[in-house]
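Please open the model in your viewer and keep the selection panel at hand. The tour begins at the ligand and then moves into the protein interior.

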Amino acid sequence: MKNVLVTGGNGQLATCIKDIDSRASEYHFIYVDLPDFDITDKEIVNRLFEANDISHCINCAAYTAVDKAESEKELAYSVNVTGAKNLAEACDEHHAIMIQISTDFVFDGNQGFSYKENDKTNPLGVYGATKWQGELAVSQALERHFVLRTSWLYSEFGHNFVKTMQRLGAEREILNVVSDQIGTPTYAGDLAKVILKIVQEDINEYGTYHYSNEGVASWYDFAMAIFEIAEINCNVLPIKTEAYPTPAKRPSFSVMDKSKIKNALQIEIPYWRESLVRCLTN
Ligand SMILES: NC(=O)C1=CN([C@@H]2O[C@H](COP(=O)(O)OP(=O)(O)OC[C@H]3O[C@@H](n4cnc5c(N)ncnc54)[C@H](O)[C@@H]3O)[C@@H](O)[C@H]2O)C=CC1
């Protein structure tokens, strides 16, 4: 039996993995999270690796509050960089493979066409910058690693845009939603399946990969689709980013090219709207 460590075990993505981990019954999944297991504490990390024979570490733990990160730079750095580095070093020492989850926010959004894995990064905010430094820390500490960059994650679990829209849509008659930030929503359940596939099939083409659902949308398109599919009667009005100022700047176009992961894993990726229907009608 191989042990798979999942950090950030109570978060959205980890919960999606938990929801389907019985499909990989030859593995034993160990879920850890704050307050008992803090990835920034190197001693705690090392102790867990010494006590368990870990074959894979899926790092779903992260400081994910994009706007708050602007005023909590040190905390964001310690979780997204130091924490990721601690796990990568422990993986290296104990011959484990690490799957680090990262974000489209490593890009500035100015390219104007979909981003490939080797395209120039230039994060606009603290969150994106720390996630990028986290990627570097992992790749420098250990060879056998995957960095999976994803975008606009949502699911039945945790906090996400779909849940926020469902709540606000039920409370309000009109909702203003930004229409000039373009990306791709990603159902965390789809990403969880891909992560399990990497573990189960012992994929050894290490490196950085992009994974989101297929297609392109603005937050406005995404909100419209949520209301239509969930049959929520709320008028959505498109607004520009400058009408909704936030502490962190976000990329205006962060669609990612997924050819590399499709070829490496021989997978087809569902179109974002199909996955949204699956999530909302589950
Ligand atoms: N949510 C989104 O829209 C996107 C998320 N991502 C990335 O996907 C990954 C998973 O995100 P979600 O599951 O949505 O996040 P989440 O915020 O639901 O879960 C993060 C988890 O990390 C844990 N955590 C925070 N600090 C910790 C620490 N010091 N030690 C141990 N655990 C700690 C939290 O308790 C929480 O359970 C993250 O790496 C995130 O950066 C990437 C793109 C978009």
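Select first the shell around the ligand, whose residues divide into 12 nonpolar, 10 polar and 3 charged (Ala, Val, Leu, Ile, Met, Phe, Trp, Tyr, Cys and Pro count as nonpolar, Asp, Glu, Lys and Arg as charged, and the others, Gly among them, as polar). This is a predicted model, in which local features need pLDDT of at least 70 and side-chain atom pairs count only at pLDDT 80 or more, while totals for chains, interfaces and linings use all residues. Residues are numbered from 1 along each chain as its sequence is written, and side-chain values use heavy atoms, with hydrogens and water left out.

Among the 25 residues around the ligand (a heavy atom within 4 Å), Leu13, Asp33, Thr64, Tyr127 and Lys131 come nearest. Colour strand 4 next, since 3 residues, the largest share of the shell, come from there; helices and strands are DSSP runs (H or I, at least four residues; E, at least two), numbered from the N terminus.

Now show the backbone of glutamine 12, where an N or O atom lies 2.9 Å from an oxygen atom of the ligand, and then that of alanine 62, where the corresponding distance to a ligand oxygen is 3.3 Å.

Finally, turn to the largest nonpolar core, which has 33 residues (buried Ala, Val, Leu, Ile, Met, Phe, Trp, Tyr and Cys joined through side-chain atoms within 4.5 Å, buried being under 20% relative accessible area with a 1.4 Å probe, protein chains only). Helix 6 gives 8 residues, the largest share of this core.

Definitions and conventions. Buried means under 20% relative accessible area, exposed over 50%, partly exposed in between (1.4 Å probe, protein chains only). A polar contact is a pair of N or O atoms within 3.5 Å; within protein, one must be able to donate a hydrogen and the other to accept it, and residues adjacent in sequence count only if both atoms are side-chain atoms.
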